[in-house]
Amino acid sequence: MERRGPVVAAVLVGTVLLYLMPAGTLLAGIAVSVALVVAGLLPDPESEDSAEPVEGPGAAAARERRLTMLREALTPWPGGTGPFGFPTAGDPEPPSGPRMAGGDGAGAGGDGPDEEDPGDPTDDDGQPVRGTFDHRGRPVALEIRYPGCFPDWDPPARERVEDLVTRRLGHRGDVRFDWDGERGVLGVRPADPLPDGIGAQPFVTPTDTVVLGFTDPGSGDRTVPVRRVPPDDPGGEAVVAATPLMWRTGPESPTPHLLVVGEPRSGVSGLLRSVVLQALRREEPPRDGSVEVEVAVVDGDGGGGWEFLRGRRGIRALEYGPVGAGALVEWVVAETERRLRDRGGPHGHGKRAHPALWVVLDRPSVPLAAGAADPGVRALLRRGRAAGITVVIGEQIDHLPPDPEWAADLRARVVLGGPGARATAAVTGPSPWRPGEGPGAAPPAGCGFARLDGTGTHRLRVPVTPAPDDVTAPGEWRRAVLALAPERLVPLERAAPTDRAEEPEPLGPALVTPTPTGRGRED
């Protein structure tokens, strides 16, 4: 009452003054209207809060069900002999109530107290499994405490835990596992899909580097502008900043050669085409007609995905069958010896006397029965860097040779598709990432993992680089590949091979006009 008196008096005095002023009532109406308009334009705090995702009615139950399943799987019970509470054949059945692992004195095979009311596991520090969840009840990040007796240094033991957690999460994508042995904590983070809709295009990169694809923002220290076309909106092209995964090439690179493996139709040939187009890409051709980069390609399956490069600047050879592929490898070995001799001479020492040579073997196990274990290819891997020769091998993962000697010279490796955690680790080595498994977990074409020397294993999504004659690919992607190809020096009629019964179907009218005055290099 004491505070309302002055307010009422002020309102009455103001009303009398407005009534006595000329046009006071009109001014008061205008002031009230302006105040209402301003109040309508200001954001409503309650509406901002309501814009955030609202937790669904079944989110709490889904969250509790996932946490309960993880606790039951990771908690030992009396008589269990499996490490970290995993049962083995012949173990007794677990009790009906879940038990805690690593908390309140419970260890492997210990007798901790039963958990009757778990409550909210995300706020209770005594729980062995804690985490954060989205509005649908799906885990965003988990933290699992395990007992000190668990052998977290043993790869098979880690694999058992990671396999179980991956299957219990219900996440079909990639999952990252971070083992903290000092604290006895396992961090689990399901990963979001990598950006899609990025096709072949000129990339802004330093000299002697190749963009293998794009990875998570936290896996790199730089971004590059790229054109992205969302698959669900072909007309919504936009320039976005993406984190590239770059491979350093050249004689000074610690990883001079590249191995790309994957399942059928996983994007292996597409990545090889992207690498070749970047190697051939030059802002302005030299005026003397010479080239800085030469490329020799072996198309192992003979599908014609490389035919668009025949007769173009910088293409030294393009072979298909076993005879041509074997002859090409023999020639490259001889070329390596010649370059090494010239480099040691008085005129070649300290200078690049020859253009850089890229040897691309796309599925070499078909024409070269031994594949990467072929003695000629092995010699290239050992001595190619000193001679300015880069070897890029693309192969199906089930055709890799059993001889492990080739791995020592192929330290830059990429695995595409969903071959499984063990097959991926066999190529890339130990990794905190685990690919999704189970029904519906197959990754899209072009997705996988890459390991570059000294940088660990990263997730990867390669640029969409289809063959120009692939009628199943969108036309804009195929035209982008042709636009990146170097100029044609030899007319298409003269460049076409004579021993092939069928030629790839052209993509509409010619987008690159053959140069009538162009001349090829003399061997």
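Which strands does helix α4 lie across, and at about what angle does it run to β1? In this predicted model, select residues 59–74 to display helix α4, and you will find that it lies across β1 and β2, running at about 155° to β1.

Next, colour the strands beneath your selection. Five strands form an open sheet in the order β1-β2-β4-β3-β15, and their pairing is antiparallel. At the edges stand β1 (129–133) and β15 (433–434), each of which has a single partner strand, so one side of each is left without a neighbour in the sheet.

Moving inward, select residues 139–145 for strand β2 together with residues 185–190 for strand β4, which pair in the antiparallel sense over 4 bridges. To see how the residues match up, pick L142, whose bridge partner in β4 is V188.

Now bring in residues 155–169, which make up helix α5; this helix lies across β2, β3 (175–180), β4 and β15, and it runs at about 135° to β3.

The next stop concerns side chains, where a search of the whole structure finds 5 aromatic pairs. One of these joins Y146 and F150 in an edge-to-face arrangement, with 5.6 Å centre to centre and 70° between the planes. Both Y146 and F150 are buried, and adding W179 to the selection shows a cluster in which ring pairs link Y146, F150 and W179.

Finally, select W433 and R459, where the charged end of R459 sits over the ring of W433 at 5.3 Å from its centre; on the way, note that strand β15 spans 433–434.

Notes
Residues are numbered from 1 along each chain as its sequence is written. This is a predicted model: local features need pLDDT of at least 70, side-chain atom pairs count only at pLDDT 80 or more; totals for chains, interfaces and linings use all residues. Side-chain values use heavy atoms; hydrogens and water are left out. Rings of Phe, Tyr and Trp (its six-membered ring) pair if their centres lie within 6.5 Å; planes under 30 degrees apart count as stacked, over 60 as edge-to-face and the rest as tilted. Buried means under 20% relative accessible area, exposed over 50%, partly exposed in between (1.4 Å probe, protein chains only). A charge sits over a ring if NZ of Lys or CZ of Arg is within 6 Å of the ring centre and within 35 degrees of the ring normal. Two strands pair if DSSP finds at least two bridges between them. Helices (H or I, at least four residues) and strands (E, at least two) are DSSP runs, numbered from the N terminus. Contact means heavy atoms within 4.5 Å. Axes are lines fitted to C-alpha atoms, for helices over the stretch in contact, and angles run from 0 to 180 degrees between N-to-C directions.
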